[in-house]
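I opened this notebook to keep track of what I looked up, one topic at a time. The entries are meant for someone who is seeing the structure for the first time.

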Amino acid sequence: MATFKDFRNNVKPNWCPGCGDFSIQAAMQRAAANVGLEPENLAVISGIGCSGRISGYINAYGFHGIHGRSLPIAQGVKMANKDLTVIASGGDGDGFAIGMGHTIHAIRRNIDITYIVMDNHIYGLTKGQTSPRSEVGFKTKSTPGGSIESQLNVMELALSSGAGFVAQSFSSDLKELTSLIEQGIKHKGFSLINVFSPCVTFNKVNTYDFFKENLTKLDSIEGYDPHDRNKAMNTLMEYNGLVSGLIYQNTEQPSYQELVKGYADTPLSAQDLTIEEEKFNKLVAEFM
């Protein structure tokens with residue numbers, strides 16, 4: 001049985017020292033081992049940005065996609081080979097700016113993949129500009145007078161879009177984060193896990209100390225029930241989204257694959273896709 005060490009490779013991450021993404025990588029590797037995966041059972045699909053490099057740092061199948069497009073690729077991988085555990089990953093700019101349309105439709109489509117967003121509230125790779133997750137008044141190179149746009153409340157948005165698994169964590173809380181990723185992998189359907197991952201180089205506001213002082217653990221809220229969608233939404237609004245833990249899970253919602261008529265038991269990747277020469281020539285002729 002694989003251990004988290006089996007999900008390591010010889011590629012050294014070039015993130016800034018202290019970046020929260022190191023812990024997220026470790027949590028993904030630990031979670032993969034804890035649920036009994038082998039490296040050949042896992043595919044990690046990433047987008048562009050500092051976080052997009054993670055697909056090359058884990059010993060598994062990896063694909064470094066283009067900006068904002070990790071989810072379409074991840075969904076295609078899962079549909080072609082349902083036997084693979086597929087994790088898509090990227091930053092808040094990747095998933096909630098250029099890729100927001102894909103995020104919304106991946107949520108409502110409910111394909112059985114896990115999406116881990118490394119949320120640092122800023123564009124780190126391009127040297128510190130405002131992201132959709134930056135708060136009003138946030139000063140960066142692109143908003144020297146302070147951002148005048150409201151912050152995108154992504155957890156509320158996920159719930160209103162019909163997400164069946166919504167969770168949020170903090171990169172410093174390795175135990176909680178690992179557990180949530182495990183739960184996300186096991187959930188039959190789309191799982192969204194947003195992770196506060198401080199950018200130590202460009203974001204001097206949303207720091208480790210900021211999240212330690214302002215985050216509330218959901219399991220510390222008396223009577224909180226992650227299966228109560230209304231309670232989840234009200235709690236997010238009450239705490240301004242600054243919560244960690246399993247926010248909501250609907251175990252009764254069927255996945256996309258379960259609803260597709262004629263979806264083959266044998267993965268497409270294992271089928272014989274050879275086309276007879278006569279049929280091939282006939283198909284080509286239609287385009288001539």
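The entries below go from the sheet to its helices and then to the empty spaces.

**Entry 1: the sheet**

I noted before anything else that I am working with a predicted model. I then looked up the order of the strands, and found that eight of them form an open sheet that runs E2-E1-E3-E4-E8-E7-E10-E9, with mixed pairing. I asked myself which strands stand at the edges. They are strand E2, residues 61-64, and strand E9, residues 216-217, and because each has a single partner strand, one side of each is left without a neighbour in the sheet.

**Entry 2: from E2 to E4, pair by pair**

I started with E1 and E2, which pair in the parallel sense over four bridges, and I wrote down that Ala43 stands opposite Tyr61 in E2. On the next step, E1 and E3 are also parallel, joined by five bridges; here Ile45 faces Ala88 in E3, and Ser46 has Ser89 of E3 as its bridge partner. E3 and E4 are again parallel with five bridges between them, and Ala88 stands opposite Tyr115 in E4. I could therefore follow Ala88 in both directions, since it is set against Ile45 on one strand and against Tyr115 on another, and I reminded myself that strands of a sheet pair through backbone hydrogen bonds, either parallel or antiparallel.

**Entry 3: are E1 and E3 buried or exposed?**

For E3 I found that seven of the seven residues are buried, so the strand is largely enclosed by the rest of the structure. In a regular strand the side chains alternate between the two faces of the sheet, and I therefore looked at each face in turn. In E3, Thr85, Ile87, Ser89 and Gly91 are buried on one side, and Val86, Ala88 and Gly90 are buried on the other, which leaves both faces covered. E1 gave a similar entry: five of its five residues are buried, so this strand too is largely enclosed by the rest of the structure. Its faces are both covered, with Leu42, Val44 and Ser46 buried on one side and Ala43 and Ile45 buried on the other.

**Entry 4: E7, E8 and the helices on the sheet**

I moved along the sheet to strand E7, residues 165-170, which runs parallel to strand E8, residues 191-196, and is joined to it by five bridges. Within this pair, Ala167 has Ile193 of E8 as its bridge partner. I then looked up helix H1, residues 21-34, which packs on the sheet and touches E1, E3, E4 and E8, its direction making about 160° with that of E4. Helix H6, residues 174-186, packs on the sheet as well, touching E3, E4, E7, E8, E9 and E10, and its direction makes about 160° with that of E7.

I stayed with H6 for two further checks. It has 13 residues and reaches 18 Å from its first C-alpha to its last, close to the 18 Å expected at 1.5 Å a residue. Its buried residues are Glu176, Leu177, Thr178, Leu180, Ile181, Glu182, Gly184 and Ile185.

**Entry 5: one residue of H8**

I picked out Thr235, which lies in helix H8, residues 229-238. With a relative accessible area of 3%, under the 20% cut-off, Thr235 counts as buried. Leaving aside residues up to four places away in sequence, I found that Thr235 touches Leu218, Ile221 and Tyr224.

**Entry 6: the empty spaces**

I asked how much space lies in the largest pocket. The value is about 450 Å³, and of the 29 residues in its lining, Gly49, Cys50, Tyr123, Gly124 and Leu125 are the closest to its centre. The elements that give two or more residues to this lining are helix H3, residues 92-98, and strand E5, residues 122-123, and H3 gives the most, with three residues.

I then turned to the cavities and found two of 30 Å³ or more. About 130 Å³ of space lies in the largest cavity, which is lined by 16 residues, with Arg133, Gln151, Asn240, Gly241 and Leu242 nearest its centre. Helix H5, residues 154-160, and helix H7, residues 208-214, are the elements that give two or more residues to the lining of the largest cavity, and H5 gives the most, with three.

Note on methods:
Residues numbered from 1 in each chain as written. Predicted model: local features only at pLDDT ≥ 70, side-chain atom pairs only at ≥ 80, totals over all residues. Heavy atoms only, no water. Pairing = 2+ DSSP bridges. Contact = heavy atoms within 4.5 Å. Axes fitted to C-alpha atoms, helices over the stretch in contact; angles between N-to-C directions. Buried < 20%, exposed > 50% of the residue type's maximum accessible area, 1.4 Å probe, protein only. Expected span 1.5 Å × (residues − 1). 1 Å grid on protein atoms, 1.4 Å probe; cavity = no way out; pocket = protein on both sides within 12 Å on 5 of 7 lines; lining within 4 Å. Points joined across faces, edges and corners; volume = space filled by probe spheres on them.
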